[in-house]
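Visitor: I would like a close look at a single part of this model. Could you pick one helix and walk me through its surroundings?

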Amino acid sequence: MTIEVQNLSKRYGDRYAVRDVSFTVQPGAVTGFLGPNGAGKSTTMRSIVGLDRPSSGQALIDGKQYASYRAPLQQVGALLDARSAHKSRTAVNYLASIAATHHIPRARVDEVLDATGLTSVAKKKVGGFSLGMGQRLGIAAALLGDPSTLILDEPVNGLDPEGVTWVRTLLGDLAAEGRTVFLSSHLLSELALIADHVIIIGRGEIIADSPIDALTAGGQTRVRVRTTDTAALSNRIANAGVTVTSSELELLEIDGLTAEEIARAAHEAGILLTELTPVRQTLEDAYNALTRDAVEYASTGL
């Protein structure tokens, strides 16, 4: 099932939360949705599942609006607020009530409790859940209808390392089955391990929509160099367009020259290199470069 967002805008008074946003999320892949705080991610995701009404434009899932599905949970599983479960209900009661409204067999409740690691706390009240347990419950609810499409807002928030690895594996497996997986996350290093495609939004507008490999291959490659004579090497390669930085003793990171050019310069000067490693641009590098002018809430040093 394809998610299509078409010229979507949401305005509050004279301020746009999102403006003329368009993109497509394809099945069979994990698509990451990134952006600074206040960029419009949550508004866009809420509009896709009908929780926000756009000022203009529309969002379609397999050519239909979410509200037009008679049993939407069997088509689309969403996690937009893991704290939505009533605190006085037990986990099993919460999931069973959702299943009943969508004609989902009761046995499926036990299946998702087991899959998310919540069987042992199934009869515990949600109000006593930790942040990570609440997140697992939200994922269980999203999986309840065995949907073809998953829309998840920060699914690994509060999870321990085992939980993060579990979510990564789960989403990869679901995408491999041909399902549509659309998720937001601020954990760029984690997203880089699973996402096939990335959409980046800033100040309510799309600023990148690209396969992750193309995005990370687009920047300048740095070269990591380790030598006992960093001063001599720095002087040898000093030139316009070459940038040399150092974060630790005997280690340089060089922009503007290839590894071969650095090796040749070191050889000619008789400088011994103990490491020479090209460093590919990371997702974090690409994201920071693209969103540098789109951050509304920028931090400063104390």
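Guide: Happy to; here is a tour of one helix, the sheet beside it and a residue in that sheet. Please keep in mind that this is a predicted model.

Let us begin with the sheet. The sheet is open and has six strands in the order E5-E6-E7-E3-E8-E9, with mixed pairing. Strand E5 (76-79) and strand E9 (205-211) stand at the edges; each has a single partner strand, so one side of each lacks a neighbour in the sheet. On average, neighbouring strands here are turned by 15 degrees against each other, direction ignored. Towards the E9 edge, strand E8 (residues 197-202) and E9 run antiparallel and are joined by six bridges. In that pair, Gly-202 stands opposite Glu-205 of E9.

Now for our helix. Helix H5 (residues 161-176) packs on this sheet, where it touches strand E3 (29-34), E6 and strand E7 (180-184). The direction of H5 makes about 145 degrees with that of E7. From its first C-alpha to its last, H5 reaches 23 Å over 16 residues, close to the 22 Å expected at 1.5 Å a residue.

Which residues of H5 are buried? They are Gly-163, Val-164, Trp-166, Val-167, Leu-170, Leu-171, Leu-174 and Ala-175. These residues cover an arc of only 160 degrees around the axis, and therefore lie on the same side of H5. On the other side of H5, Pro-161 and Ala-176 are exposed.

The cover over the buried residues of H5 comes from several elements, including the strands E3, E6 and E7. Helices contribute as well, among them H3 (106-115), H4 (131-143) and H6 (188-194). After H5 comes Gly-178, which has a positive phi, near 95 degrees.

To see this packing from the sheet's side, look at Leu-150, which lies in strand E6 (residues 149-153). Leu-150 counts as buried because its relative accessibility is 4%, under the 20% cut-off. Leaving aside residues up to four places away in sequence, Leu-150 touches Leu-171 and Leu-174, both among the buried residues of H5. Its other contacts counted this way are Gly-77, Ala-142, Leu-143, Thr-180, Val-181 and Phe-182. Leu-150 and Leu-183 are 33 residues apart in sequence, while their C-alpha atoms are 7.9 Å apart in space.

Conventions
Residues numbered from 1 in each chain as written. Predicted model: local features only at pLDDT ≥ 70, side-chain atom pairs only at ≥ 80, totals over all residues. Heavy atoms only, no water. Helix = DSSP H or I, 4+ residues; strand = E, 2+ residues; numbered from the N terminus. Buried < 20%, exposed > 50% of the residue type's maximum accessible area, 1.4 Å probe, protein only. Contact = heavy atoms within 4.5 Å. Pairing = 2+ DSSP bridges. Axes fitted to C-alpha atoms, helices over the stretch in contact; angles between N-to-C directions. Expected span 1.5 Å × (residues − 1). Arc of directions from axis to C-beta.
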